[in-house]
Amino acid sequence: MRSWAVTASAKLNTVVEAIAAGLMLALVLDVWLGVVDRYYFHWQLPWPEALARYLMIWAAMLAVSSGVARRNHIGLTSFIMVLPYRIRRAALICMDVLTLALFLYVAWFGVGFAFGGATRHAMIFGASLAPFYAAIPVAAALSSIQLVLVLLRDLGTHIDDPPFEVPQEEAT
């Protein structure tokens, strides 16, 4: 089960990171187009700024699940590191379960948020805001899935036995 969780987490994270990288590329091109439009061609395109905002939201929200998969989110470990190993492990598992509950809560209520965006329209695009608002429940659902996978992968040992490579210069 643990090896399956490692593989599934890595594959899901690869897909999410590829999508986030594509969104960031689109964001850079969109902002570049907006700058070129404003200072050189004077087309006065109305949509690059709004599109950049939504691309950035999607990219940032998808990056949350990548941070969960890599265990790269900020954490205060000074207290947890003074605990005995078994208590530390139990506390880390409890924190993962609480974090999972938070992500599931956000995903559940995020669906209603996204449906609420269906009634609102982006004047510039002439389209519903639902696809843009959907970043919240999608990111929360992906983060929930990743959290379950890394919980199975690490089982509370990720501070003592990190699941990632530490570069040699940082290890010394």
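# Briefing: cores, helix packing and loop residues

Leaving out neighbours up to four places away in sequence, L62 contacts V16, I19, L23, V138, A139 and L142. This is a predicted model. L62 is also one of the residues with the most contacts inside the largest nonpolar core, together with L23, W58 and L129. The protein chain has six helices and two strands, and its radius of gyration is 20 Å, against a value near 16 Å for a compact globule of 172 residues.

**Nonpolar cores**

- The largest nonpolar core holds 17 residues.
- Elements that contribute two or more residues to this core are α1 (2-41), α2 (48-70), α4 (130-133) and α5 (135-154).
- Helix α2 supplies the largest share of this core, with six residues.
- A further core lies apart from this one and has five residues, including V68, L100, L147 and V150.
- In soluble globular proteins, nonpolar side chains tend to be buried together.

**Fold and overall dimensions**

- Read from the N terminus, the order of elements in the protein chain is α-α-α-β-β-α-α-α.
- Along the principal axes, the C-alpha atoms of the protein chain fill a box of roughly 65 × 40 × 30 Å.
- Of the contacts in the protein chain with a separation of 6 or more, 74% join residues 24 or more positions apart.

**Burial, surface and charge**

- Of the 172 residues in the protein chain, 35% are buried.
- The exposed area of the protein chain is about 11,100 Å², and 71% of that area comes from carbon and sulfur atoms.
- The protein chain carries 11 positive and 11 negative charges, and the mean positions of the two sets lie 8 Å apart.

**F103 and V64**

- F103 sits in helix α3, which covers residues 85-117.
- F103 counts as buried because its relative accessibility is 15%, where the cut-off for burial is under 20%.
- Beyond its neighbours within four places in sequence, F103 contacts V64, V68, A140, S143, S144 and L147.
- Two of these partners of F103, V68 and L147, are also among the residues of the five-residue core.
- The C-alpha atoms of F103 and A90 are 20 Å apart, with the two residues separated by 13 residues along the chain.
- V64 belongs to helix α2.
- V64 is classed as partly exposed because its relative accessibility is 24%, and that class lies between 20% and 50%.
- Residues up to four places away in sequence aside, V64 touches H73, F103 and S143.
- S143 appears among the contacts of V64 and also among those of F103.
- V64 and Q146 are 82 residues apart along the chain, and their C-alpha atoms are separated by 9.9 Å.

**C-terminal part of helix α3**

- F115 is a residue of helix α3.
- With a relative accessible area of 61%, F115 is exposed, whereas F103 in the helix counts as buried at 15%.
- F115 and P131 are 16 residues apart in sequence, and the distance between their C-alpha atoms is 9.2 Å.
- G116 is also placed in helix α3.
- G116 is partly exposed, at a relative accessible area of 33%.
- From G116 to K11 the C-alpha distance is 32 Å, with their positions 105 residues apart in sequence.

**Positive phi in the loop between α1 and α2**

- Most residues other than glycine have a negative phi.
- H42 is a non-glycine residue with a positive phi, near 55 degrees.
- H42 lies in the loop between α1 and α2.
- The relative accessible area of H42 is 54%, so H42 is exposed.
- Q44, likewise not a glycine, has a positive phi of about 60 degrees.
- Q44 is part of the loop between α1 and α2.
- Q44 is exposed because its relative accessible area is 69%, where exposed means over 50%.

Conventions. Residues numbered from 1 in each chain as written. Predicted model: local features only at pLDDT ≥ 70, side-chain atom pairs only at ≥ 80, totals over all residues. Heavy atoms only, no water. Helix = DSSP H or I, 4+ residues; strand = E, 2+ residues; numbered from the N terminus. Rg over C-alpha atoms; globule rule 2.2 N^0.38 Å. Buried < 20%, exposed > 50% of the residue type's maximum accessible area, 1.4 Å probe, protein only. Contact = heavy atoms within 4.5 Å. Areas by Shrake-Rupley, 256 points an atom, 1.4 Å probe, with all protein chains shown as cover. Lys, Arg positive; Asp, Glu negative; His and termini not counted. Charge placed at Lys NZ, Arg CZ, Asp CG, Glu CD. Core = buried A, V, L, I, M, F, W, Y, C linked by side-chain atoms within 4.5 Å.
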